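Hi,

Here is the structure you were expecting, with the sequence alongside. Have a look at it first, and my notes follow below.

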Amino acid sequence: MLGKQRFGNTFRLAQCAVLAAGLFPLQAAVKEDAFGKMPDGRAVQIYTLTNKAGIEARIMSYGGILVSLKTPDCRGAMADIVLGFDSVDGYLKNPGPYFGALIGRYANRIGQAKFTLDGKQYTVPKNDGANSLHGGTQGFDKRLWTGKILPDGGLELTYASKDGEEGYPGNLKATVVYRLTDANELRIDYTATTDKDTVVNLTNHSYFNLKGAGSGDILGHLVTIAADRYTPVDAGLIPTGELRAVKGTPFDFQKATAIGARIGQPDEQLKIGKGYDHNWVLKRKGNGMELAARVEEPTSGRVLEVLTAQPGLQFYTGNFLDGTIKGKGNLVYGHRTGFAMETQHYPDSPNQPKFPSTELKPGETYKTSTVFRFSTVK
Ligand code: BGC
């Protein structure tokens, strides 16, 4: 069972009683409400999932966005630990950071906004300099998904992406199920099928601040990442193809280290990313779900663990947040006030023959999952 996985000595037994994880991952209660409207008048729904420990996750049908996520700290005080907005309008007006959104058809960057598949070149939108980022100008984060509450209490979101949409080949049917379990896990299961050869890389783009969204920077969070290599990038944040050892660099998070401890070092890769904005090559024991990262916030005692079966993890420290965005409760989101842990394939894989393939063919089913697991330490 997932709960047994741990990072050697960084695992703490002294968990706050309030979050003593349930033994069985039972399913939370779900309710559906109207949340707002798309510019064309279509209704946007919001779904509230709650579990026995009182954790509450709210997800809306626009962009499949995780709008809020309330978890207790080690004293039992609840806080919303993801950045976002109070209304659909906030997201429509500020799409730049991709707060909480489902990202597709291809998460992260595609170099020069083109790739070749079966000998044919495909061009996708340039929305990040010369490159394509997060599925193009109208990626899955800007689509209205169809929501359905499943008998087990999961929230199923579906989106049918047409052949040629944002330049990608094949009609792609994407299904994402969010579940909040009584083991204090927010689990996201992604599946997709296609009718033509295509590329797929789906993820969720939540920005966490374990002190609470809007309560300062994330530099004191202690991060562990199960990776001994990462993919260095060029000036446009496209991987060079090298898998570089993290040892002896500010990218070594094999032992719990504060985000801010080395972020200001004169490292060429940190300069390019304006901080951490890189893909770590996860050390994997097999093909199943494994612990990819653990984040502990010392003042609240909140702990986030990220599990995945994907080969990579993009760890992004909110370097482009600059205080111009006011989020939920009118709080200002300044520089590095949230971090993202995006489970995924390596960036630019369609152009990098040495990276694991992101191709999906008709008859195959793309399947991936992310688990965000919550606990506390004293
Ligand atoms: C990327 C960043 C980007 C951010 C918001 C992250 O996944 O790696 O470079 O600024 O998303 O778009």
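Let me start with Arg105, which is found in the loop between β6 (101-103) and β7 (109-110); strands here are DSSP runs of E with at least two residues, numbered from the N terminus. The peptide bond that leads from Gly104 into Arg105 is cis, and its omega is near 0 degrees.

Please keep in mind that this is a predicted model: local features need a pLDDT of at least 70, side-chain atom pairs count only at pLDDT 80 or more, and totals for chains, interfaces and linings use all residues. Residues are numbered from 1 along each chain as its sequence is written, and side-chain values use heavy atoms, with hydrogens and water left out.

Another loop to look at lies between β10 (132-133) and β11, where you will find His134. His134 is not a glycine, yet its phi is positive, at about 50 degrees. For comparison, most residues other than glycine have a negative phi, and most peptide bonds are trans.

His134 also takes us to the ligand: an N or O atom of the His134 side chain is 3.0 Å from a ligand oxygen atom, which counts as a polar contact (a pair of N or O atoms within 3.5 Å). A polar atom in the side chain of Arg109 is 2.7 Å from an oxygen atom of the ligand. For Asp277, the distance from a side-chain N or O atom to a ligand oxygen is 2.4 Å. The protein covers 95% of the 310 Å² of accessible area that the ligand has on its own (Shrake-Rupley method, 1.4 Å probe). In total, 14 residues surround the ligand, each with a heavy atom within 4 Å of it. The closest are Arg109, His205, Asp277, Phe320 and Glu342.

Now for the sheets. One of them is open and has five strands, in the order β1-β2-β3-β4-β5, with antiparallel pairing (two strands pair if DSSP finds at least two bridges between them). Which strands stand at the edges? They are β1 (29-37) and β5 (78-80); each has a single partner strand, so one side of each is left without a neighbour in the sheet.

At the β1 edge, eight bridges connect β1 with the antiparallel strand β2 (residues 43-50). Gly36 stands opposite Val44 of β2. The two strands β1 and β2 make a hairpin with five residues between them, and Gly41 in that turn has a positive phi of about 95 degrees. At the other edge, β4 (residues 66-72) and β5 are paired antiparallel over three bridges, and Pro72 has Met78 in β5 as its bridge partner.

There is also an open sheet of nine strands, again with antiparallel pairing, in the order β11-β12-β13-β14-β30-β24-β23-β18-β21. Its edge strands, β11 (146-149) and β21 (257-258), each pair on one side only.

Within this sheet, β13 (residues 172-180) runs antiparallel to β14 (residues 185-194), and nine bridges join them. If you want a pair to display, try Tyr178 and its bridge partner in β14, Ile188.

Strand β18 is a good place to follow the sheet towards its β21 edge. β18 (residues 222-225) pairs with β21 in the antiparallel sense over two bridges, and Val223 stands opposite Thr257 of β21. β18 is also joined to β23 (residues 290-296), by four bridges and again antiparallel; there, Leu222 stands opposite Glu296.

Happy to go through any of this with you at the screen.

Best wishes

Notes
Polar contact = N/O pair within 3.5 Å; in protein donor to acceptor, adjacent residues only side chain to side chain.
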